[in-house]
Number of protein chains: 4
Amino acid sequence: MTTYTAAVAGASGYAGGEVLRLLGAHPDVTIGAVTAASSAGSRLGEHQPHLVDLADRVIQPTDASTLAGHDVVFLGLPHGESGRIAAELGDDVLVIDCGADHRLESAEDWTTFYGSEHAGTWPYGLPELFVGESRQRDALAGVKRIAVPGCNVTAVTLGLQPAIAAGVVAPDDLVAVLANGFSGAGKAPKTHLLASEGLGAASPYGVGGVHRHVPEIIQNLTKAGGEDVTISFTPTLVPMARGILATATARLADGVDAARVRSVYEQAYGGPGEGEPFVHLLPEGQWPTTAATLGANTAQLQVAVDSAAGRLVVTTVIDNLVKGTAGGAIQSMNLALGLPETTGLTTTGVAP
Amino acid sequence: MTTYTAAVAGASGYAGGEVLRLLGAHPDVTIGAVTAASSAGSRLGEHQPHLVDLADRVIQPTDASTLAGHDVVFLGLPHGESGRIAAELGDDVLVIDCGADHRLESAEDWTTFYGSEHAGTWPYGLPELFVGESRQRDALAGVKRIAVPGCNVTAVTLGLQPAIAAGVVAPDDLVAVLANGFSGAGKAPKTHLLASEGLGAASPYGVGGVHRHVPEIIQNLTKAGGEDVTISFTPTLVPMARGILATATARLADGVDAARVRSVYEQAYGGPGEGEPFVHLLPEGQWPTTAATLGANTAQLQVAVDSAAGRLVVTTVIDNLVKGTAGGAIQSMNLALGLPETTGLTTTGVAP
Amino acid sequence: MTTYTAAVAGASGYAGGEVLRLLGAHPDVTIGAVTAASSAGSRLGEHQPHLVDLADRVIQPTDASTLAGHDVVFLGLPHGESGRIAAELGDDVLVIDCGADHRLESAEDWTTFYGSEHAGTWPYGLPELFVGESRQRDALAGVKRIAVPGCNVTAVTLGLQPAIAAGVVAPDDLVAVLANGFSGAGKAPKTHLLASEGLGAASPYGVGGVHRHVPEIIQNLTKAGGEDVTISFTPTLVPMARGILATATARLADGVDAARVRSVYEQAYGGPGEGEPFVHLLPEGQWPTTAATLGANTAQLQVAVDSAAGRLVVTTVIDNLVKGTAGGAIQSMNLALGLPETTGLTTTGVAP
Amino acid sequence: MTTYTAAVAGASGYAGGEVLRLLGAHPDVTIGAVTAASSAGSRLGEHQPHLVDLADRVIQPTDASTLAGHDVVFLGLPHGESGRIAAELGDDVLVIDCGADHRLESAEDWTTFYGSEHAGTWPYGLPELFVGESRQRDALAGVKRIAVPGCNVTAVTLGLQPAIAAGVVAPDDLVAVLANGFSGAGKAPKTHLLASEGLGAASPYGVGGVHRHVPEIIQNLTKAGGEDVTISFTPTLVPMARGILATATARLADGVDAARVRSVYEQAYGGPGEGEPFVHLLPEGQWPTTAATLGANTAQLQVAVDSAAGRLVVTTVIDNLVKGTAGGAIQSMNLALGLPETTGLTTTGVAP
């Protein structure tokens, strides 16, 4: 069996740390260079004390020469930096970008939401994405560049795409409100992200269509078959370190009842042990909790039909750092390398 | 100056405790009997250690004879119990029900959502409620029965009624998703309400139009001028003791822009020091946080117009136990007794 | 009745914000200038959205000319800055320093723990402090300078001083371990204070006798009658915004039993309504919780005698920002101004 | 390679759920019967939604006939129940009791602290326990009964035993104060364990030498070489779901300095990759955080010498459900079955 070597840039941050955590459990990967910017030169254990086996690794600077020579390079960098690094790494290296740079296909959307020049589009690392009748996983075999989706995007896309693809809801008036753990906001210290501010508080951010995940959601749901997709998207910070609970609603098409919706989602994903390995519809009567996905590469969903309001409500939970970032990255890596898709990934969460 | 005496039934619970906390700061009220069911006979301090001045009060049983003889009686009882008690108290006593029994005007809605016989409708204790051109406060002067609104209902009603009354949104496809603190679920011990389950987790409940606050929201927004109101309403539990963040959205009417919406909300509520004493539109660019309302009788709102999605987004924060329950109750009491509406109530929260 | 004017320096921080919150409820004080350093020029509401009545105040720069002309000036500044400001304010102004500069009597201790030159000692703002047979409150009447104690110091001093003064424990081998809310660490953004780091985690800091509150505790307990006081002091950060739970232990003197200890604490403080207005021994069988003191100027204590271990255990809870900082400051201000000590301060916490 | 079958009693509780989580990752064990009392007949997924692979397992009743026929039986039962079940299981089955029944060697201590008749002593499942010069792991090979230690006991024992064994501290005046996550209190619903009560609060329990873990700590530290061990032990509940931070102090023996203490702990445990596989002394200057151990079978320690107070301070973090319960159980199972001690267990935590 081949063993692949992987380097991780941004190793002192949350995305990089989570990639390292998961790679440590991957049977076919050996961890090579761990790099970062301002923390280069320090022990990894100072920044990631939970990565006990890697505690004494010294963080190297993030540059192409350090990252070169690995089979796989994961990038957990601020947006705008990955294109340059990737260009220096050569086409034989599998580069997996956990940042935003290469997710969008529309250069115009990129410029509108990020205000800079578009660095180009990479194959999109959401294997379960509906692309017409097929799935995005089919497009990932053998690729050398992967753009990992945004964490909110993963939750909302998984929640709504079955209904949109099946035509049981209208795609032109979607609403999603998310409860987000703080790790999604990154590790750079800012006043509003302090524990003293966040404990005991809930607050929205990026309201009114300005959040950078909006065009990415629309891109995905359009691929899933939606025409003229629009979505009102509001993330909110709530006092947890990890996790996303996405509550998404859409207007029901005429004549669609709860049984039909349930059938659509069962066909799309199946329950545990069936269909999608990492995306599961819960049994009727059971509502999802983010706690059930902590540390696991799973999404759990539940659906409800509100006949009076004429809306489908889909609630989806993921761990933003696993299925929402690092787990999705490794799942995509497996596909790109030709490994079984589930290798090294768990469906078992850490709860309570 | 007259001093009124008040009794509180359900004094060991969260609603009752909060009424007592606020009454302790009310200059015109003396606290009389404190009663409860299973904890009768014990010191109040065992159950409400924060109410230092009342710590040595002995809880009496909840019955009409104990509650009689006070000017005001607050009921913080399980639903279904207040009608009987109130009937025994006589029409000269001001009875304020923090429970659900008397909120709904439609007996049919009551039966559909609560499954029992309707106990009758009382004057509704949300002074800021739009009733056509007037406000509900005008209907509270001198009344002897008050039904305090549900906490979620207060947040969603305050958030949406200005837009609906002004016709800047369509009332027939509203969506609201709420982040709720655990005290809203009461003090009865249940497994899913344990700290071990709730810490680090977010989860929805009452999804799909089955929550009992739905008909009450529709009742309110209809009074505010909405026709054929429907709302998709999803509350979610997040790890905080108190607080509600309500994110509500509605389809914008043609030609409505951000300036028009802002003007509508400014006229409806004003900022601090203007208009409504307890409901404030935040300055542009500032998003609300539940922490700012902790312990205070305030609602803080912010609005955003999402042109691409064609939706208004209103985010509203309250303390579920204050503006959402006990503060609203005392504000209504002030109006019923002819006291200045703001007597004994604060706009200052406890943060961080 | 005289009304005093008060200015608050450091108004955008936690200590300054809490002083403002409490002054807002003080009947004899009008809030004058609010000042800060880097946030000068912005609305106070941006930084302290819970202070609704002051939201539109514009923050002024912290300098002597802005602060001059008030009867009282509260300083919530980084240590090292208050001495200079105070020198410019003149002796007719009551200056209350919430920082550390003037707490220690020993210049040597100051230099050892703070590494700079000592700025001099001010009257110490812990009214309940035992000073031999008298109380520190007697030393505060009419003073023009007050040094507010450290929050941890207040909790540990109140917990241990009765036992030490009565000789029921040995003062030379004290141990205190504290669970601390994050607001005690201030509002400056640092990685280890992020919500993502703090949620779901407990960690110690300042271990091994290096914390700057150690010499201050020893100073206090020596005044209370202890000889050769030594204390092992370990604060720990736990996931709450406010609150200190101090668990302090001391070796019991020979022949001391639980009844004797209880009697000592009852005499020292009394329960609610007796003795000390803000420091209360809980009834037997009831353990303190920080939640009961949130927003209140109270300390709640419980004592236990562990005969097998030969140790007294005293658990004390306070709100670090109220009794631990701003409440103590205002209580001391009342004494200095000749107002009733409890003016404008509450014993009622906000719970749950 | 032999595969062992394991049954888990108490599968709907926290200890049982965690045993199942870890067994799911164990390469040599197949999960057989999962049993419980009141939840028998329901899907395991209802109670443990994070155990995706086992979600459709139906919980069976806890009785000997259901548990029989497995190689290993884990008991996560209320104390007092394991002895009877174990008696029916026969001596060829490896029975691992996560409860308290068989931990204490002194029947007198049992009766004093638990108030019932002692069920007998089983081999003690703390492999790292110092037993004179040897380690408890040597006593676990081939045994058929194992008593898993209490979670607090594990943290305090690991923290103090090196110092006691080496004689660098006095064993007769130990003090330990713990910050405990709520899962340690179990899953039975009780008012004081509600999220509404626990969020934002810290409170002590079992104070004054009455906690049932006290005699077990003394038993361990005596085995480690302590004479006349006494300990003042205070656990406190803080707002986290999992984790224990134990701050333990002991009087230093004459002439012991920081270098000597550090050497003792390095020799006892080593850092990551050395010595003990699951117990690690952190590098100087790095303080432990419970977050680093979440989900992992590790203890992380740091030591400090407080010369002024004459005390050693040891801070130890574990995940109460892993190293404190289920992980320790599986580590002990490995030893009993002759498997490598670390099989199926991880040192990598889930953070942030």
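Me: What rotation and shift superpose chain A on chain C?
Reply: This is a predicted model. In it, a rotation of 180 degrees with 0.0 Å of shift along the axis puts chain A on chain C. The RMSD is 0.0 Å.

Me: How are the two copies related, then?
Reply: As by a two-fold rotation axis.

Me: Which C-alpha of chain A is nearest the axis?
Reply: That of A:A195, 1.8 Å from the axis.

Me: Through which surface do the copies meet?
Reply: The same surface, because 100% of the interface residues of chain A are also interface residues in chain C.

Me: Switching to chain D. Where does D:L252 lie?
Reply: In a loop of chain D, between β12 (244–251) and α9 (258–269).

Me: Is D:L252 buried or exposed?
Reply: Buried. Its relative accessibility is 16%, and the cut-off for buried is under 20%.

Me: What is D:L252 in contact with, leaving aside neighbours within four places in sequence?
Reply: Three groups, by position. D:V168 and D:V169 are contacts, as is D:V261. Then come D:V305, D:D306, D:G310, D:R311 and D:L312.

Me: And how many residues apart are D:L252 and D:V313 in sequence?
Reply: 61 residues. In space their C-alpha atoms are 9.6 Å apart.

Me: Back to chain A. What feature does UniProt place at residues 5–137?
Reply: "domain: Semialdehyde dehydrogenase NAD-binding", from an unreviewed entry.

Me: What is the helix and strand content over residues 5–137 of chain A?
Reply: 26% helix and 20% strand. The end C-alpha atoms of that stretch are 22 Å apart.

Notes:
Residues are numbered from 1 along each chain as its sequence is written. Chains are lettered from A and ligands numbered from 1 in the order in which they are written. This is a predicted model: local features need pLDDT of at least 70, side-chain atom pairs count only at pLDDT 80 or more; totals for chains, interfaces and linings use all residues. Side-chain values use heavy atoms; hydrogens and water are left out. Copies are superposed by least squares on the C-alpha atoms of residues with pLDDT of at least 70 in both. Contact means heavy atoms within 4.5 Å. Helices (H or I, at least four residues) and strands (E, at least two) are DSSP runs, numbered from the N terminus. Buried means under 20% relative accessible area, exposed over 50%, partly exposed in between (1.4 Å probe, protein chains only). UniProt positions are given in the numbering used here, feature names are shortened, and annotations may be inferred rather than shown by experiment.
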